[in-house]
Amino acid sequence: MLRAVTGALSSPLGGELLATPVCSSLAVHHLNQTRGRRRTLTRAPWIPPKYERANVVELLDDENKNLLQEVISMEKDGRRPSWVKSTSPLVEHAWEAKESQEWSPSSRRVGLLARKIGMMPQWMNDGTRVLCTLLEIADNHVVSAVDPETWFHTTLTGKHKAFNRAGPMWKVTVGAVNANPKLLSAPYRNMFERQNIPAKVKLGSFLVTEDAVVTPGTPLDVRHFKVGQYVTVTGKTIDWGFQGGMHRWGMRGMPANRTTKSHRRIGSVGSTGDARIWPGKRMPGHMGYEWRTTSGLEVLRINPEFQVMYVKGSVPGDIGEVVQIKDCLQSLKRVESPPFPTFYPNLETIEEEVEVETAAEESADLSVPNLFRFNSPSIVFSAEDGKKSAGRDRTKAKIAKVKK
């Protein structure tokens, strides 16, 4: 039915059918899909392919290979070869660079894309053990920034998110994890060549207010977040594949005794009433690989040298997966006076990093005050503790005499 209706609308008479004010079946039935899959495993057909076809083989001589490697290294350093035509981001985007503004409670900043490394315990000053998740900010760059009007008129997602209850929102896309451009397709590479940044494997978009828009091509640092603030992490859960009802939904299963071949079955389904399986029935199927958001996670430690952030608690996703990190919007956990619109390294921060590198005893990590640092002593003895009491020595002498 849906294919027949869409075919009729795409025909030359489809425009007339929509333009006529006649009360027909098209005016009653909506063409919106109410039910669908919970996860999308394939990209949309209108998105340009990321990789070239597998059967495409380029035979390059040594001179061309060296030239290609030189171009790749220049792109990673942020330089552009002289023979490549430079395009200004102001021409490609319908926005203009604005002056830096001050942070306000209604501002919403851009987020970061991080690779989940694993989990590691940390200790507080009082000895409390805290389990943290290590997130690596892998070569983040701002790829594009789309204003609300353009986003609203070009995509269906923009019609729902460009103008919401928080006001007009910009769509800022961030790329992470440098890719090998020799394996990527030309339409996909053009997104990064416009901004003179290396090609990225992962892309993520964030809703940003107008005062917090970051210029495309800007590198993002892990110090975009502060230690002690709370963040929200979004990622895809671990892909478990096809699982039974006990693992997928936590069902109890059948009795262990006097049961044959049905220990992990979910039991009778749809045998009474309408004798059918209703939509939404919890049954065995594909488990995991779904978008999940965990909010209110505290940032305990930041390592600027390796671009690693220690977050208290667990985040969705398997080790090696890329997750999205942004400021927490809970009323009691909102950040105050963060680096706005993002962290820009200046001369003072560079000098501090050089001083820390020269001092071997000092640690370059940024941490909350109540987090224990391993370069500080755990037990401190005073001079009075070193003196032994005379009464205790006499007691030891008496015990020694009795043993003799």
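Q: What makes helix α8 a neighbour of β3 and β7, and how is the angle to β7 defined?
A: In this predicted model, helix α8 (residues 186–193) lies across β3 (140–146) and β7. Contact means heavy atoms within 4.5 Å. α8 runs at about 55° to β7. Axes are lines fitted to C-alpha atoms, for helices over the stretch in contact, and angles run from 0 to 180 degrees between N-to-C directions. Helices (H or I, at least four residues) and strands (E, at least two) are DSSP runs, numbered from the N terminus.

Q: Why are β7 and β8 called edges of their sheet?
A: The open, antiparallel sheet has the order β7-β6-β3-β8. β7 (200–208) and β8 (219–220) each have a single partner strand, so one side of each lacks a neighbour in the sheet.

Q: What makes β6 and β7 a pair?
A: Pairing requires that DSSP finds at least two bridges between two strands. β6 (residues 170–178) and β7 are joined by eight, running antiparallel. A176 stands opposite K202 in β7.

Q: How do you know that β1 pairs with β2 and with β14?
A: Nine bridges link β1 and β2 (residues 129–137) in the antiparallel sense. Four join β1 (residues 112–123) to β14 (residues 322–327), also antiparallel. M120 faces C132 in β2, and A114 has V323 as its bridge partner in β14.

Q: What share of the residues is called buried?
A: Of the 404 residues, 31% are buried, meaning under 20% relative accessible area (1.4 Å probe, protein chains only).

Residues are numbered from 1 along each chain as its sequence is written. Local features need pLDDT of at least 70, side-chain atom pairs 80 or more, while totals for chains, interfaces and linings use all residues, and side-chain values use heavy atoms, without hydrogens and water.

Conventions:
Buried means under 20% relative accessible area, exposed over 50%, partly exposed in between (1.4 Å probe, protein chains only).
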